[in-house]
Amino acid sequence: MRLCGVCAKPTKGETVHATCRKPRPYDSAAHRAISAMFRATGRKCADCGTPGTRDNPITAHHDVPVAHGGASVPDNYVPLCRRCNSARGTRTGTE
């Protein structure tokens, strides 16, 4: 039997109940819609210039990360491929 890592109650195989998870900025409907728009319009990665592939799609990335006070508004998103998005983490585009 597994216990939730937040509330310590039994779970059905997951490490944390969905209701116990903190909301993440990149799980919002707006974030998903902007990622889809970047892919549909053929935007290229702002860092490496690749057009994105099935294995490395273009995603929305906060230009000023939420961890640094950035907001989840359309003007704060840039298109990055998944590889560059993961590599950048919470660094800003100028770091």
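## Exercises on a predicted chain

Among contacts in the chain between residues at least 6 apart in sequence, 40% join residues at least 24 apart; a contact means heavy atoms within 4.5 Å. The model is predicted, so local features require a pLDDT of at least 70 and side-chain atom pairs a pLDDT of 80 or more, whereas totals for chains, interfaces and linings use all residues. Residues are numbered from 1 along each chain as its sequence is written, and side-chain values use heavy atoms, without hydrogens and water.

### Exercise 1. Overall description

Determine the order of the elements in the chain and where confidence is lowest and highest.

*Solution.*

Step 1. The chain contains two helices and four strands, where helices (H or I, at least four residues) and strands (E, at least two) are DSSP runs numbered from the N terminus. Read from the N terminus, their order is β-β-α-β-β-α.

Step 2. The mean pLDDT of the chain is 83, and 89% of the residues score at least 70; pLDDT is the predictor's confidence in each residue, from 0 to 100. Confidence is lowest in strand S1 (residues 2-3), with a mean of 85, and highest in S4, at 91.

Step 3. Of the 95 residues, 29% count as buried. Buried denotes under 20% relative accessible area, exposed over 50%, and partly exposed the range in between (1.4 Å probe, protein chains only). The accessible surface comes to about 6,500 Å², 55% of it belonging to carbon and sulfur atoms; such areas come from the Shrake-Rupley method with a 1.4 Å probe, and for residues only the protein chains shown count as cover.

### Exercise 2. The nonpolar core

Identify the residues of the largest nonpolar core and the element that gives the largest share of this core.

*Solution.*

Step 1. A nonpolar core is a set of buried Ala, Val, Leu, Ile, Met, Phe, Trp, Tyr and Cys residues joined through side-chain atoms within 4.5 Å. The largest one has ten residues: Ile 34, Phe 38, Cys 45, Ile 58, Ala 60, Tyr 77, Val 78, Leu 80, Cys 81 and Cys 84.

Step 2. Helix H1 (29-40), strand S3 (58-62) and strand S4 (77-81) each give two or more residues to this core. S4 provides the largest share, four residues.

Step 3. Such a grouping may be set beside a general tendency: in soluble globular proteins, nonpolar side chains tend to be buried together.

### Exercise 3. Strands S3 and S4

State how S3 and S4 run and which residues lie on each side of S4.

*Solution.*

Step 1. S3 and S4 run antiparallel and are joined by five bridges; two strands pair if DSSP finds at least two bridges between them. Within this pairing, His 62 stands opposite Tyr 77 and His 61 opposite Val 78.

Step 2. In S4, Tyr 77, Pro 79 and Cys 81 lie on one side and Val 78 and Leu 80 on the other, and all are buried.

Step 3. In S3, Ile 58, Ala 60 and His 62 point one way, Thr 59 and His 61 the other way, and all of these are buried as well.

Step 4. Not counting residues up to four places away in sequence, Val 78 touches Phe 38, Thr 59, Ala 60, His 61, Asp 63 and Arg 88.

### Exercise 4. Polar side chains

Establish whether Asn 85 is buried or exposed, and what the side chains of Asn 85, Ser 72 and Thr 53 reach or join.

*Solution.*

Step 1. Asn 85 belongs to helix H2 (residues 82-88) and is buried, because its relative accessible area is 19%.

Step 2. A polar contact is a pair of N or O atoms within 3.5 Å; within protein, one must be able to donate a hydrogen and the other to accept it, and residues adjacent in sequence count only if both atoms are side-chain atoms. The Asn 85 side chain reaches the backbone oxygen of Ala 60 at 3.5 Å. Leaving aside neighbours within four places in sequence, Asn 85 is in contact with Thr 59, Ala 60, His 61 and Leu 80.

Step 3. Ser 72, in the loop between S3 and S4, is partly exposed at 36% relative accessibility. Its side chain and that of His 62 are joined by a polar contact of 3.1 Å.

Step 4. Thr 53 lies in the loop between H1 and S3 and is partly exposed, with a relative accessible area of 49%. The side chain of Thr 53 reaches the backbone nitrogen of Asn 56 at 3.0 Å.
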